[in-house]
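Reader: Hey, I've got this one open on my screen and want to go through its empty spaces and its strands with you. Can you show it here?

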Amino acid sequence: MTTPRHDWTRAEILALAARPFSDLLYDAQTVLRAHHDPHAIQKSRLLNIKTGGCAENCGYCSQSAFVKTGLVNSKLMAVEDVLDEARRAKAEGAERFCMGAAWRELKDRDLPAIVDMVKGVKALGLESCMTLGMLTQAQADALAGAGLDYYNHNLDTGPEYYPTVVSTRTYQERLDTLEACRRSGINLCCGGILGMGERPEDRADLMVELAKLDPHPESVPINRLVPIPGTPLGDSAPIDGLDFVRWLAVARIVFPQSVVRIADGRETMSEELQALCLLAGANSLFIGDKLLTTANPGEARDERLFGAMGIA
Ligand code: SAM
Ligand code: DTB
Ligand code: SF4
């Protein structure tokens, strides 16, 4: 068993990431096996409960009001419609239902509907997760009171590169919302994106910042940038597949007790590359054929992957 550490340095993480591929994967797989069932995958399902028109300017996102991507904006979905989707997700094998809204921050006027969604999802026997932008302490407490299990709020990259990607909020504001969730007792889902033109140092810094959170986030989603035409990062070259695998292995070693998720970016990965991601210690993914606005492999492809890997 590895004790989670909160004092990782940039240099240590860069050294880890630079190890021979087989050594790195062997160690990551060993950490996975010491802390988790290596044949189990945590399955989440995402639903965009409010699409587009977001007041933030995140350079990777199709839902920012600063960009034209052809996306059709919509208002917050009705509670019953959200619960219909949650029932479907449960029938498809999801354990956790994650609801995302393209908001800079949660407004108190929307809180009653959000609380009803959390309660309804819980009543179906699913874990609940919300990602709604920034929260005040009172809002986090209200979500915790409704029974919310997880809040997703990513740090996305290292603090030095962050202002290049988004300028309408600060890194510290991200950390403040995470702290509010922690105080209210909600589990954290917090990770980042690789492939936005960041240096290895920025990836290492992301891991350092995530590792400072005490306890570590219970879920660590690692997204592979999906370049969306019309966004500032729409022309980005995709991150090399084996490089992505390396960083998943680093995340597994740095966050031994956390569930590490291959989040966005699976749609364009071969089965072989996804199998390597799982060998590197990732043990969670989103099921279904759609994430928020981007595509995901869906049931038939995932069944082949799970079958090949011996995952139930
Ligand atoms: N508005 C909320 C927020 O920013 O926290 C929640 C939704 S936001 C879409 C959730 C996360 O999805 C982002 O933090 C980012 O890590 C990831 N993401 C968004 N667009 C992406 C893209 N094109 N490729 C990969 N990951 C993406
Ligand atoms: C996370 O790290 N990835 C999810 C979830 N948290 C909310 C989102 C992935 C998809 C984002 C891009 C899209 O589909 O538009
Ligand atoms: Fe808004 Fe979230 Fe997209 Fe940023 S990532 S523009 S906060 S929906």
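Reader: So how much space lies in the largest cavity?

Author: About 840 Å³. This is a predicted model, where local features need pLDDT of at least 70, side-chain atom pairs count only at pLDDT 80 or more, and totals for chains, interfaces and linings use all residues. Side-chain values use heavy atoms, with hydrogens and water left out, residues are numbered from 1 along each chain as its sequence is written, and chains are lettered from A and ligands numbered from 1 in the order in which they are written.

Reader: What counts as a cavity or a pocket here?

Author: On a 1 Å grid over the protein atoms alone, a cavity is a set of points where a 1.4 Å probe fits but cannot get out, while a pocket is an open set with protein on both sides within 12 Å along at least five of seven lines. Lining residues have an atom within 4 Å of a point. Points are joined across faces, edges and corners, and the volume is the space filled by probe spheres set on them.

Reader: Which residues are closest to the centre of the largest cavity?

Author: Tyr60, Cys61, Asn152, Asn154 and Leu292, out of 42 that line the largest cavity. Strand 1, strand 2 (96–101), strand 3 (127–131) and strand 7 (219–224) are the elements giving two or more residues to that lining. Strands (E, at least two residues) and helices (H or I, at least four) are DSSP runs numbered from the N terminus.

Reader: And the lining by class?

Author: The largest cavity has 21 nonpolar, 13 polar and eight charged lining residues. Nonpolar covers Ala, Val, Leu, Ile, Met, Phe, Trp, Tyr, Cys and Pro, charged covers Asp, Glu, Lys and Arg, and the others, Gly among them, are polar.

Reader: Where does ligand 3 sit?

Author: In the largest cavity, where "sits" needs more than half of the molecule's atoms within 2 Å of the grid points. Around ligand 3 are Cys54, Glu56, Cys58, Tyr60, Cys61, Ser64, Ala102 and Arg169, taking a residue as near if one of its heavy atoms lies within 4 Å. That shell around ligand 3 splits into five nonpolar, one polar and two charged residues.

Reader: OK, pockets. What lines the largest one?

Author: Lys43, Arg45, Glu92, Ile287, Gly288, Asp289, Gly298, Glu299, Asp302, Glu303 and Phe306, around about 190 Å³ of space. Helix 11 gives the most, with four residues. Seven lining residues of the largest pocket are charged, with two nonpolar and two polar.

Reader: What about the second largest pocket?

Author: Its volume is about 160 Å³. The second largest pocket has 14 lining residues, and Gln29, Leu32, Pro38, Leu278 and Met309 lie nearest its centre. Its lining has nine nonpolar, three polar and two charged residues, and helix 2 gives the most to it, with three.

Reader: Switching to strands: is strand 1 mostly covered or exposed?

Author: Mostly covered, with nine of its nine residues buried. Buried means under 20% relative accessible area, exposed over 50% and partly exposed in between (1.4 Å probe, protein chains only).

Reader: Which strands are joined to strand 1?

Author: Strand 9 (residues 284–286) runs parallel to strand 1 with three bridges, and strand 2 runs parallel to strand 1 with six. Pairing takes at least two bridges found by DSSP. Lys43 stands opposite Leu285 in strand 9, and Ser44 stands opposite Arg96 in strand 2.

Reader: What's beyond strand 2?

Author: Strand 3, parallel to strand 2 and joined by five bridges, with Phe97 opposite Ser128. Strand 3 has four of its five residues buried, so the rest of the structure largely encloses it.

Reader: Any odd backbone spots? What's up with the bond between Asp214 and Pro215?

Author: That peptide bond is cis, with omega about 0 degrees. Pro215 is in the loop between helix 8 (200–212) and strand 7.

Reader: And what is the phi of Asp156?

Author: Positive, about 70 degrees, although Asp156 is not a glycine. Most residues other than glycine have a negative phi, and most peptide bonds are trans. Asp156 lies in the loop between strand 4 (150–152) and helix 6 (162–165), and Asp156 is buried at 3% relative accessible area.
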